[in-house]
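Visitor: I have a model to look through. Could you walk me through its sheets and cores?

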Amino acid sequence: MAQKLLSNKTLKKLHIALFLLIALFGFQAKAQSVMLPGDVVVVSANADTPSVDFIPLIDLDKGTTLYFSDGLWDSNTQILTGNEFKLTFLESVPAGTNIHINNSTEDTRFTITGDLKFRGDNYRLFVYQRDQKVYRFIFAMGWGEGPVWNTQEQPEKGSDLPINLRETPHTQLTLGKEPNQQYYIRNGASGTRNMLLSFVGDATNWRGNDTEPFPVFGTSFNLKAPPVIVFDSSISTVQESDSSTILKVAIYEHDGSRISVDMAFDSLRSIASAEDFGGFERKTINFTGLVGDYIHEVSIPIIDDGIYEGRRTGIFTLENLSGGNFGDFLSHNLIIEDNEQPEVLISRVVNGIGSPGFIEIKNMEKEIVSLSNWTLSGKDMTFTFTDDVVLLPGELLKWFDTSEISLPDPAVKVIASDLNKQLLDTEGGILTLKNYAGKIAHQVSYSRARRVNGNGAVGNDLAVSDVSRSNQSEQVTSNLLNTTTTAIQLANSGWKVMPNSEDLKTKFSDKSFYVWSEEQQGFLRDDESAIPDKDQVVFGYFEKDESDELTTVIAQSFKKQVSDEDLSFTVSATDKNDNGVLDGLEGLNLVYNNLSKDITIHSFLELAESEYPDLPLSAVVYGIKQEASGEINFIKLDKEQKIAAKTPFWLMLDSSYPSKEIFLNKDELNSNIDLLETSSGQDEQRLLELTLKTESQDEVVQVHFSEEKEVNRVKDLNSYPELILSDQSFLNFSIKQGEDFFNAITLPSEIEQPINLPVHINSSNSGEITFSVTEWDYIPAEWNITLRDLTTDKEYNLRRDFSVTVAHEFPVLKTNNEKEISFSEYQSGDDGRFILTITPLNSSTGNDEEISDKPRELELHQNYPNPFNPVTTISFYLPQPEEVKLSVFNIVGQPVAVIVEGTLSAGQKQFEWDATDKPSGMYIYQLEVGKKVMTRKMTLVK
């Protein structure tokens, strides 16, 4: 709209000239008004109906006559040929009124004569007045195939344009090429006559509809006295990588008087924060002394924070206008396109026979990710996600490779393919997930199809091997990986764990390979180890460009191996510190499944206990998993899970044991494969699960409570310094007791004393970390469970859906330079900042007061109702007068509202929050009282 418009003085001159022209030709204006080009504009035209919507930009007097024609204008003869449709007004019509006409229109405001027709494969519409053979053209538009208007290159192919329309801006326009579409301006507008004329005369503001025509939709214009101030446009998009962008504020038909307006950032309605715009809050724009039309440009800085936050919008508004009138665009939506690609992964693939295969896709981000126009493709087929597919943080999507399924658990987001044939190949292959811009988000290889049982589970639970998360499509020629316990992901740079072979050493003779030594409780170079070659599992660091060679070598090694009759491996347990017990990593053995088939954990443990009763084998077996980003993680395997063929795994021994080779019969292992039965009548167990998240990783700690008096613990191998590999990112989160780290602890249900559990965290990167309660099952309401931050001296009262984000600097890891391989010599981590405390109701705290005499503590209650729309009530209890701040944040931690701030008296407090102007979604409300911070989540559903 920001174009030069005609001044009022010029319009007056044209009116005078027109009257002189009429007098010169010897006819009178009679009853109708005499109009100038642009006094009437067309806002909708349909050649099929046929119908037209038009709007006068001046008041029309009673008796005014207008003509509409689809004909051809000849500038030489001054003749318009074609159908003519005449409309005579029976009453006055105010400017800005929408008028709809067709051949059957019945309207008391006017009469019609003639037929409204459109012919041929291109169309034009003239709006004009005439007296005898003199035409006064007001507006013209054209569309369709072939030339609509005559040009020097193609004379006499279309129609001439009347000279007064050619010389008057915005009074003629050409639309699209579709011959029978309805073209329209859907929305109304406000502004001066010239502003509205320029709005209609800009073809980019028009839309086409090739299905059904719109009914009489009543678009109307609101004419305002000048000057008018607006944003030049209502929406714009900027890339986060851009350093700045320009917002334009326009003033139209200004007389130079004193006028100013404020442009402000609306933080309450914006998804983006002021920090995204360099802290921009407000700017005053002064138009004093400017005459006519003018555009003021305001530069807005754009801050690239390097964190994926999705598409977010900042809303800027015009306020405090000192004179004149506001037009339509009083707010501007500035959309920031994040230049970081969201981490959305193909987490599982089931390629089955006898039941539809499926693919699981997981959002690893802390933000909502839209999969609109993302694609999932295989060898020959591609599936495109629709606009309604949105993944919440951590949400899993299950995509079924069929169009005819009965949807499973409604709590799981499910999509049934609408492809005309299956995407998954029965022989296996590569799957590629691409974002809306065509960039590869994740790429995996998957195995050939296997038999699927009745509940949709595959015989040995297929998963995937990561191929690529870059913008390059890489091929894996041999599918060696088929379970989540597999460590080899050949296409990424990083550490690989694999069986040793002569082919490996020959091909990569310049590399150093390392093996795990139970006796030394550390990694040794393979030439320093006394472990027999055939039992060795080696670690090596490979670059991305070595992946093809590595794939070929391993595939050749597998082909040369002779199928073994027995599962064989060597284990030992050494009490290295001579304290009489095995602690730390004493008794940890890295072994290898040399069989060509998978074995279940429960079958392996049962047969080992039967064949070697003296073997102090722990019931915990650890698998090795390579994450999509390249790092290696060690995970506890449940008894119903499997150890994949030709893959390594970890075993723990519970007491000292001399080195011994173990042999387990292959046939007996296979015969026991279906013996595990799951108990359906288990007692409900109390469970507290805490999740720690950074920008790219998350880890979980679980505290179980059992009726048994024993304290059971599962070691977290990833937290031990001896197992941390260099040159990879990691996040450690565990409970530390002595020199051991645990990510699962079982405590007695009937605890009587407060239990303090020191929390161990460490990461390869400093920054923000988020603690959240992700499971809160059957925890008694009267228990008090807190997370104490000794650095800030804050205590967080844990409850269901609790979440808090804090900044944290991790200690710099030192490197052991004595080894060629740069394994990190993990020094300290952070074991002293956070303490998890569990206090039962009847715990003894060292005083003799009765429980009933204890003062009631600070409490933050769940909002009601929840979910809500749009008002909810938040209540809390204050044990004594305190400084209080009750705030609301959106799901990404940006402040949304402060409900109350100040000193409150003791007692029960209750406040309402009205979210009328907020978008649907999850919000966090936070209560700060002194050094205590309590949070809960709530959901707005509109």
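Guide: One definition comes up front: two strands pair if DSSP finds at least two bridges between them. Note also that this is a predicted model.

Visitor: What is the order of the strands in the open sheet of six strands?

Guide: The pairing in this open sheet is mixed. Read across the sheet, the six strands come in the order 8-6-3-9-10-11.

Visitor: Which are the edge strands of that sheet?

Guide: An edge strand here pairs on one side only. That holds for two strands, one covering 110–114 and the other 172–174. They are strand 8 and strand 11.

Visitor: By how many degrees are neighbouring strands of this sheet turned against each other on average?

Guide: Direction is ignored for this angle. The average over neighbouring strands is 20°.

Visitor: How many bridges link strand 3 and strand 9?

Guide: Strand 3 spans residues 65–69, and strand 9 spans residues 122–131. They pair in the antiparallel sense. One residue of this pairing is Ser69, which stands opposite Phe126. The bridges between the two strands number three.

Visitor: Which strand gives the largest share of the largest nonpolar core?

Guide: That core has 41 residues, and Phe54, Phe68, Met141 and Phe221 touch the most other members. Elements giving two or more residues include strand 2, strand 3, strand 9 and helix 3. The largest share is five residues, and its source is strand 1.

Visitor: Which residues of strand 9 (residues 122–131) does Phe68 touch?

Guide: Residues up to four places away in sequence are not counted. Elsewhere, Phe68 touches Val52, Phe54, Asn83, Glu84, Phe85, Ile101 and Leu116, among others. Strand 9 covers residues 122–131. Within that range the contacts are Leu125, Phe126, Val127 and Tyr128.

Visitor: How many residues of helix 3 are buried?

Guide: Buried means under 20% relative accessible area. Arg193 and Asn194 meet that cut-off, and so do Met195, Leu196, Leu197, Ser198, Phe199 and Val200. The helix is mostly covered, and the count is eight of its eight residues.

Visitor: How many residues are in the other core, the one with Leu731 and Ile755?

Guide: This core lies apart from the largest one. Val773 and Ile779 are also among its residues. Its size is 35 residues.

Visitor: In the open sheet of three strands, what is the bridge partner of Leu860?

Guide: The order there is 63-64-67, with antiparallel pairing. Strand 63 (859–860) is an edge strand, as is strand 67 (907–914). Two bridges join strand 63 to strand 64, residues 871–878. In strand 64, the partner of Leu860 is Phe876.

Technical notes. Residues are numbered from 1 along each chain as its sequence is written. This is a predicted model: local features need pLDDT of at least 70, side-chain atom pairs count only at pLDDT 80 or more; totals for chains, interfaces and linings use all residues. Side-chain values use heavy atoms; hydrogens and water are left out. Helices (H or I, at least four residues) and strands (E, at least two) are DSSP runs, numbered from the N terminus. Axes are lines fitted to C-alpha atoms, for helices over the stretch in contact, and angles run from 0 to 180 degrees between N-to-C directions. A nonpolar core is a set of buried Ala, Val, Leu, Ile, Met, Phe, Trp, Tyr and Cys residues joined through side-chain atoms within 4.5 Å. Buried means under 20% relative accessible area, exposed over 50%, partly exposed in between (1.4 Å probe, protein chains only). Contact means heavy atoms within 4.5 Å.
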